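Colleague: I should like to learn how surface exposure and charge pairing are read from a model. Could we begin with the terms and then turn to the case at hand?

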Amino acid sequence: MGLNLLAVAAVGGAGAPAAILQSGVSNIVVNGLIISALYAVVAIGFTLIFGVGGVLNLAHGASITVGAFGAYYVARVFGMGAWAGLVAGVLVAAAFGAALYLAMIRRMEDEPIMVMILTLVTAVAVEQFVLTVEGSQPKAIPALVGGVTRVAGTNLQHNLVVVFAVSWAIILALFLFVNYTDAGKALIATSMSRKGAALVGIESDRVNLATWVIAGALAGLAGVFLGSFQTAHWAMGRAPLVLSFTIVVLGGVGSIKGSVVGAYLIGFLEVITTRVFDPRLQTLVPLVVLLLVLLVKPEGLFGRELAEA
Amino acid sequence: MATTDAAAPESAPDVLSTDDLRVTYGKVLALREIDLTVREGEVVSVIGPNGAGKTTLANTVSGFLDYEGSAEYRGREVADRSVSDLVSEGLIHCTEKRDLFGYMTVDDNLRLGAYRHGEDADERLEYVYDLFPALAERTEQNARTMSGGEQQMLAIGRALMGAPDLLVLDEPTLGLAPVILEDISDAIEEINDEGVTVLLFEQNVTFAMNHADRIYLLENGEVVREGSPGELRGDDYIRESYLGG
C-alpha cells in the first residue's frame with residue numbers, strides 16, 4: 001500500500017541526493033510529516049469525488065499516472081524543465097478528470113455500479129496504454145529542486161521539502177476554498193443535499209465537473225511528486241488508489257479534514273512501523289488499525305460530511 | 001391565525017399556469033389533465049389526501065420532473081429552463097422534506113439560499129431573522145440539530161433568501177406542533193403581504209382554507225374541485241370528507 005518514500009529516499013531515488021534518513025525520532029517526524037502531506041493530497045481528490053458525486057472513482061490512480069507522464073513528457077522529452085513539467089502534469093490530469101466526467105460519468109450518474117465499472121476499465125486502459133507506448137521501463141522525472149539540508153540530524157532533500165510545502169499549500173488553499181467561497185460552499189452543499197442545492201439554484205452538473213477537475217489536478221500533482229523522487233511507470237497509480245481508499249474510509253468518506261487526519265495516521269504508522277518494527281509490516285499495520293477503527297466507528301473518524309472539512 | 005377569503009383581482013397576470021398537465025412514473029399516470037392558474041399576488045392552495053399527487057405537482061411546476069401538456073411560469077414553459085434558471089427567475093420551491101444542508105449552520109443555509117441573488121443578501125437575511133426570531137437566536141447552530149418546526153422555518157427562510165416571485169410551499173405544516181403552526185401561518189401571511197405569490201400544497205385543509213384565495217382539490221392525480229375557500233366550505237363533499245361534516 002505504501003508509496004515506499006522511505007526506501008527510495010534512503011537509497012536516493014531518481015537522481016536524488018543522499019538519504020534523508022539517519023535514525024531516531026527526528027527521522028520519524030520529518031518523514032512522517034512529508035509522506036503524510038503527499039498522502040493527504042492523493043486522498044482528498046478521491047474523497048471529494050465520492051462526497052460530492054457519490055462516485056467511487058477507481059480511475060483516481062490513473063489520474064496520478066496521467067499527471068506523472070504529462071510531466072515526464074514536458075520536462076524530459078520536450079526538455080522544458082521540472083517546473084514546466086509540474087504545471088503540465090497538473091493541467092493534463094485536470095483535463096483527464098474533466099474528460100472522464102463529461103464523456104462517461106455524467107451520462108451514468110444514476111447507475112453507481114456502472115460508474116464504478118467504467119472507472120475501473122478506464123484505470124486498466126490507461127495502464128495498458130502507457131505500457132504499450134512507454135514500455136515497462138520506469139521513467140525519471142527531474143526533481144523540482146536539488147540539494148540537501150541537514151535538519152535535526154536528518155538529511156533532508158530539498159525536493160521533498162518542496163513536496164511538503166506545496167502539498168500543504170494546496171491543502172490549505174482547498175480548505176479556504178470550500179469554507180470561505182461561494183463556489184466552495186456550493187460544493188459542500190451539493191455533497192450534503194443534491195436536491196437542496198438545486199433548490200437554491202446550484203447547478204450540480206457544474207459542481208461535479210469542478211470536483212472532477214480539482215480531484216484530477218490533485219492526483220496529477222501527486223503523480224508529478226511521486227515521479228520526481230521515485231519514477232513514473234505504467235502501474236504507479238495502483239498503490240495510491242488503495243492508499244486513498246484506506247485513508248478516506250479511515251478518516252470518513254467525504255470529509256477533507258478526515259482525509260488529512262487519516263493521511264497523517266497512515267503516514268506515521270507506516271514510518272513508525274518501518275523504522276521501529278519491521279519494514280515488511282508497513283502495509284499490514286495501517287490496515288489492522290483501519291479494521292479496528294471501522295469496528296468501533298464504522299463511519300470513520302470524521303463521518304462523511306464535507307462541511308467538517 | 002389570520003383568515004383570507006378574498007381572491008386577488010382576476011385581471012392580475014398569471015404567474016403560473018398549467019394546461020392538460022400530465023406526469024407519469026413509468027406506466028403509472030401520476031397526474032392527469034391538471035389545469036391550474038396562479039395569479040400575481042394570490043395565495044393558491046392545492047389540497048388533497050396523502051398520495052393524491054400534491055408533491056408530484058409541486059416538483060413538476062418547479063422544474064424537477066418531466067411532463068406532458070403545458071406548464072408555464074411567467075409565460076414560458078417550465079421545461080424550457082433549468083431548475084437553476086427558474087430559481088434565478090424567482091420560482092423558489094420549499095420542499096416537503098425541507099432538503100436543508102444539515103451539517104451547515106443556520107446562517108450558512110440562509111446565505112446559500114441567496115446563491116442566485118447575492119446582491120441584497122444582507123438585507124434579506126435581516127428580513128428572515130425578523131420573520132423568524134427563533135432562527136436569529138440560532139445562527140451558528142447546525143440545521144440537523146434543530147427541531148422540526150425550526151427546520152421548517154429555516155427551509156422557508158432559505159427560500160425567501162432567493163427573492164421569490166412565486167413561492168411553492170409543499171406541506172409546510174406537516175408534523176408541526178400547533179404553536180409552530182401559528183408561526184408558519186403568520187409568516188405566510190406576511191410573505192404574501194410583501195407581494196410574494198404563494199402556491200401552497202397542504203394536507204391540512206383548515207390551514208389551507210385560512211390562507212388561500214383559491215383552492216384546488218386534488219384526488220388520485222386529478223383536480224376534482226376548485227373555487228374560493230367560501231365556495232368549497234359550502235360543498236357537501238368537501239365538508240364531509242375534509243372538514244369533518
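Modeller: A residue is called exposed when its relative accessible area is over 50%, buried when that value is under 20%, and partly exposed in between. The model shown here is predicted.

Colleague: Is Leu292(A) buried or exposed?

Modeller: Leu292(A) has 52% relative accessibility, so it counts as exposed. This residue lies in helix H12 of chain A and belongs to a nonpolar surface patch whose members, among them Ile272(A), Phe277(A) and Val296(A), have about 900 Å² of accessible area together. Two or more patch residues come from each of helix H11 (256–276) and helix H12 (284–296) of chain A.

Colleague: Which element gives the most to the nonpolar patch?

Modeller: That is H12(A), with 5 residues.

Colleague: How should charged side chains be read?

Modeller: Side chains of opposite charge can pair when their charged atoms come close. In this model the count is 24 salt bridges over all chains. One of them is formed by Glu203(A) and Arg116(B), at 3.1 Å from N to O.

Colleague: Why does the pair of Glu203(A) and Arg116(B) join two chains?

Modeller: Glu203(A) lies in the loop between helices H8 and H9 of chain A, and Arg116(B) in the loop between helices H3 and H4 of chain B, so the pair joins two chains. Both residues also belong to a network of salt bridges with Arg206(A).

Colleague: Where do Arg239(B) and Asp236(B) lie?

Modeller: Both are in helix H10 of chain B, 3 residues apart, about one turn of the helix. Their closest N and O atoms are 2.6 Å apart in a salt bridge.

Notes: Residues numbered from 1 in each chain as written. Chains lettered and ligands numbered in written order. Predicted model: local features only at pLDDT ≥ 70, side-chain atom pairs only at ≥ 80, totals over all residues. Heavy atoms only, no water. Patch = residues over 30% accessible without salt bridge, like charges linked within 9 Å, V, L, I, M, F, W, Y side chains within 5 Å. Areas by Shrake-Rupley, 256 points an atom, 1.4 Å probe, with all protein chains shown as cover. Salt bridge = Lys/Arg side-chain N within 4 Å of Asp/Glu carboxyl O. Helix = DSSP H or I, 4+ residues; strand = E, 2+ residues; numbered from the N terminus. Buried < 20%, exposed > 50% of the residue type's maximum accessible area, 1.4 Å probe, protein only.
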